[in-house]
Amino acid sequence: MAETEIISNSESNDQFFEGVEKLIEIWFTPAKNADLRKITRQQWENVLKIVRCEIISFTQSEQVDAYVLSESSMFVSRRRWILKTCGTTTPLRCVRAVLALAQDVAGHSCVHNVFYSRREFARPEVQLKPHDNFDSEVKLLDSFFGDGRAYIMGPEKDCWYLYTLLPLEGTVAAVEKEQQEAESGRGEPDQTIEILMSDLDPQVMDIFTREHSHDAAYATKESGIDKILPGMVIDDFLFDPCGYSMNGVAKDGCYMTIHITPERACSYVSFESNVPVSSYDEVIARVLAAFRPAKFVLTIFATPDSPAADAYRQLRKYRSLSAYEEQEAQYCRFSGYELQYALYCKFPS
């Protein structure tokens with residue numbers, strides 16, 4: 001995390017950093033010889049200057065390039081681009097540049113789908129435009145992609161915002177999109193789980209400080225992050241004096257990414273992965289055991305042909321969630337995707 005992002009409260013002597021990330025994911029329609037990985041590192045660095053962050057390290061598998069950034073992560077594959085940034089970064093300001101590079105360098109001229117999401121900021125008033133409010137974000141996204149759909153799920157302080165081009169199932173737009181998918185054969189199994197955690201165990205958060213851990217590898221092993229999804233090639237970074245980011249990639253194109261803001265006044269951890277499993281119970285159990293949050297938002301996106309398609313039906317049976325109370329749950333069926341949102345708080349001990 002960049003020093004300029006840290007806000008000091010002189011009255012309480014607390015330091016604040018906005019750990020909540022803005023997440024944008026753009027899928028392009030398959031095209032012959034088109035590949036987003038043709039975009040060079042220098043070109044990505046120029047894009048990220050618009051966002052107000054920079055590349056720290058890089059790793060890759062046969063199917064995905066993964067970048068650890070000064071504020072979170074970026075993933076690039078043949079036709080999918082993911083950017084996840086925290087602090088007061090401005091990821092939506094770079095979309096125009098990314099679309100231009102996708103067409104001019106990578107050979108992708110048609111956007112297939114878009115997902116933009118984030119949890120409510122701890123301090124929305126310090127965000128830069130257009131991220132100071134969701135309406136402004138939606139307006140800018142619509143200027144790029146036309147008529148998208150915007151959703152707000154959950155209670156005010158713990159709500160989760162989503163913008164997508166996907167129509168809700170049963171609408172005329174959904175029928176048209178499904179017909180296009182059937183004719184083009186462009187769909188493929190896809191799934192994403194996010195666990196967005198706050199009010200974390202201070203002892204766990206201490207691991208992600210330079211005072212406790214001498215390097216990122218030590219913090220990764222000490223916390224148990226290396227055991228959450230075994231077999232991933234891990235690229236991790238421990239910030240000074242505190243903070244942690246990691247990407248993990250597998251040969252089959254799966255990824256995971258974790259970002260940690262350990263300051264006690266604003267502790268926050270995010271976990272995300274596209275690992276294809278029929279049950280997320282073990283994954284959730286490992287994440288919660290590693291970080292011990294008092295509260296978290298869980299979202300699961302899955303296509304009907306994904307192994308995770310039935311995950312939303314199983315959540316209340318998961319043993320990993322038995323120590324938590326489900327305070328809110330919402331389900332949406334989009335054209336080609338199903339989404340589960342849930343808010344959990346730890347039962348009083």
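How much space lies in the largest cavity? In this predicted model, the figure comes out at about 150 Å³. That cavity isn't on its own: searching the whole structure turns up four cavities of 30 Å³ or more. A set of 14 residues lines the largest cavity. Lying nearest its centre are Leu23, Glu25, Phe115, Thr192 and Phe301.

Those five residues are easier to place with the domain layout in hand. The domain assignment splits the protein into domain 1, covering 12-184, and domain 2, covering 191-346. On those bounds, Leu23, Glu25 and Phe115 fall in domain 1, while Thr192 and Phe301 fall in domain 2. So far as the C-alpha centres go, domain 1 and domain 2 sit 19 Å apart.

Next comes the interface. On the domain 1 side, 47 residues are in contact with domain 2, and they meet 43 residues there. Put together, the two domains bury about 3700 Å² between them, with 63% of that on carbon and sulfur atoms. Within domain 1, the residues that lose the most area to domain 2 are Arg119, Met153 and Trp160. Together, this trio accounts for 17% of what the domain 1 side buries.

What about polar and charged pairings? Across the interface of domain 1 and domain 2, 17 residue pairs turn up in polar contact, with both partners at pLDDT 80 or more. The residues on the side of domain 1 that touches domain 2 break down by class into 24 nonpolar, 13 polar and 10 charged. Three salt bridges are also found across this interface. The side chains of Lys84 and Glu194 form a salt bridge, with 3.1 Å from N to O. By the domain bounds, Lys84 belongs to domain 1 and Glu194 to domain 2.

Methods
Residues numbered from 1 in each chain as written. Predicted model: local features only at pLDDT ≥ 70, side-chain atom pairs only at ≥ 80, totals over all residues. Heavy atoms only, no water. Domains from an automatic or database assignment. Contact = heavy atoms within 4.5 Å. Buried area = accessible area lost by both parts, 1.4 Å probe. Salt bridge = Lys/Arg side-chain N within 4 Å of Asp/Glu carboxyl O. Polar contact = N/O pair within 3.5 Å; in protein donor to acceptor, adjacent residues only side chain to side chain. Nonpolar A, V, L, I, M, F, W, Y, C, P; charged D, E, K, R; others polar. 1 Å grid on protein atoms, 1.4 Å probe; cavity = no way out; pocket = protein on both sides within 12 Å on 5 of 7 lines; lining within 4 Å. Points joined across faces, edges and corners; volume = space filled by probe spheres on them.
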